[in-house]
Amino acid sequence: MAQNKNSDIPTHDFFEDFNLDDPGKLNEALEQLIFKIKSGYFLCWEAVVREEQGLPLSETQKEVLVDLISFHDEDDERILYIDELLPPSEPWYEIAIKIVPRLFKEPFRTDTIYYEAILEGWSTLVEVLEIDGQELSLPEGVKSPLDIFPLELQHRLNLQICFVELYGLGQDEELTLENEEQQDCIEDFISALREYKDSVQYFNLSLKKLLKKVIMPPKDEEIFINMMMEHLGMTSPQDSLVKFLEEVNFSVISFKA
């Protein structure tokens, strides 16, 4: 977002009410970021600032600006508020860059209670950026909204999406792979790994390496390894996972400890 550093227009500090070291506030901050992207808050202010600075506008920004100006008595009246909100003090991507790395947990522990931001935050943000973020400004040299984040961080968060399929193991005595009703999560986990196969390949994961990134109770870990090898036709937990994700033939397995 092009900004006039010498502007006398008051701005809003997004992080004024959000201490990102507090998991609850991190959750709220991500929710607010997503809401402001979806509602067009950032897009509207970017259009206003670019118009004031005489910079080119996209067709979408032109449409947004026409709608905004129609609410003012004078065409040259300076816009100070949109929906009673001040403009952001920094671009959306700088805000996102501060929030997203904090969504990553390694190791991810299946028996730990996490806020929604950790469990679903990255997948939700990716979806929102793909739908509502294509018209937003980007730093120089960056081609897409997701590219504002380091590639390795993207891959780590993609794997975390997979680990969420195992979330809950160990949180209750019934939440264990010893319980046949919980074993469906293995198929869901493999499906997620297939969807994010590029991330599996990026880290050259084997089951042994994977189990350093996701931690579950020891009794579940043993069953997990055996079920994964059975489902994928692996011969060793040291095998590279990615080649076994090419074709998955799920069999109906009731694995008993």
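Trainee: In this predicted model, with which residue does Lys25 form a salt bridge?
Mentor: Start from the position of Lys25 in helix H1, where its partner sits 3 residues away, so that the two are separated by about one helical turn. Lys25 is partly exposed, with a relative accessible area of 30%, and the partner is partly exposed too, at 35%. The closest N and O atoms of the pair are 3.6 Å apart, and a salt bridge needs such atoms within 4 Å. The residue that pairs with Lys25 is therefore Glu28.

Trainee: How many residues apart are Asp21 and Arg102, which also form a salt bridge?
Mentor: The closest N and O atoms of Asp21 and Arg102 are 2.8 Å apart. Asp21 belongs to the segment before helix H1 (23-38), whereas Arg102 belongs to the loop between helix H4 (92-99) and strand S1 (108-109). This pair thus links distant parts of the chain, and the separation between its members is 81 residues.

Trainee: Is Asp21 buried or exposed?
Mentor: The relative accessible area of Asp21 is 58%, and a residue counts as exposed when this value is over 50%. Its partner Arg102, with a relative accessible area of 35%, is partly exposed. For Asp21, then, the class is exposed.

Trainee: Which residues are joined into one network by salt bridges that share partners?
Mentor: A good place to begin is the salt bridge between the side chains of Arg156 and Glu106, with a distance of 3.1 Å from N to O. Arg156 lies in helix H6 (residues 151-163) and Glu106 in the loop between H4 and S1, so this pair ties together parts that are 50 residues apart in sequence. Salt bridges with shared partners extend the picture to a network made of Glu106, Glu152, Arg156 and Lys213.

Trainee: What is the form of the peptide bond from Glu106 to Pro107?
Mentor: Pro107 is found in the loop between H4 and S1, and Glu106, which is partly exposed at a relative accessible area of 41%, comes just before the bond in question. Most residues other than glycine have a negative phi, and most peptide bonds are trans. Here omega is near -5°, and the bond is cis.

Trainee: What is the phi of Asn204?
Mentor: Asn204 lies in the loop between helix H8 (197-202) and helix H9 (207-213), and at 43% relative accessibility it counts as partly exposed. Although Asn204 is not a glycine, its phi is positive, with a value of about 50°.

Trainee: How are H1 and H5 oriented to each other?
Mentor: Two packed helices are described by the angle between their axes and the distance between the axes. For H1 and H5 the axes are 10 Å apart and the angle is about 15°, and H1 passes H5 in a left-handed crossing. Angles under 35 degrees count as roughly parallel, so the orientation of H1 and H5 is roughly parallel.

Trainee: How many nonpolar residues are in the contact of H1 with H5?
Mentor: The H1 side of the contact includes Leu26, Leu30, Leu33 and Ile34, while the H5 side includes Ile118, Leu125, Val128 and Leu129. Charged residues take part as well, among them Lys38 of H1 and Asp132 of H5. By class, 3 residues are polar and 3 are charged, and the number of nonpolar residues is 10.

Trainee: How are H5 and H6 oriented to each other?
Mentor: The axes of helix H5 (residues 116-132) and H6 come within 9 Å and cross at roughly 120°. The contact is made by Ile118, Trp122 and Ser123 of H5, together with Gln154, Leu157, Asn158, Gln160 and Ile161 of H6. In this contact there are 4 nonpolar, 4 polar and no charged residues. Since the angle falls outside the ranges for parallel, antiparallel and perpendicular, H5 and H6 are oblique.

Trainee: Is Glu46 buried or exposed?
Mentor: Glu46 has its place in helix H2 (residues 41-52), and its relative accessibility is 2%. A residue counts as buried under 20%, and in the protein as a whole 45% of the 257 residues do so. Glu46 is therefore buried.

Definitions and conventions
Residues numbered from 1 in each chain as written. Predicted model: local features only at pLDDT ≥ 70, side-chain atom pairs only at ≥ 80, totals over all residues. Heavy atoms only, no water. Helix = DSSP H or I, 4+ residues; strand = E, 2+ residues; numbered from the N terminus. Buried < 20%, exposed > 50% of the residue type's maximum accessible area, 1.4 Å probe, protein only. Axes fitted to C-alpha atoms, helices over the stretch in contact; angles between N-to-C directions. Parallel < 35°, antiparallel > 145°, perpendicular 65-115°, else oblique. Contact = heavy atoms within 4.5 Å. Left-handed = near helix turned anticlockwise from the far one by under 90°.
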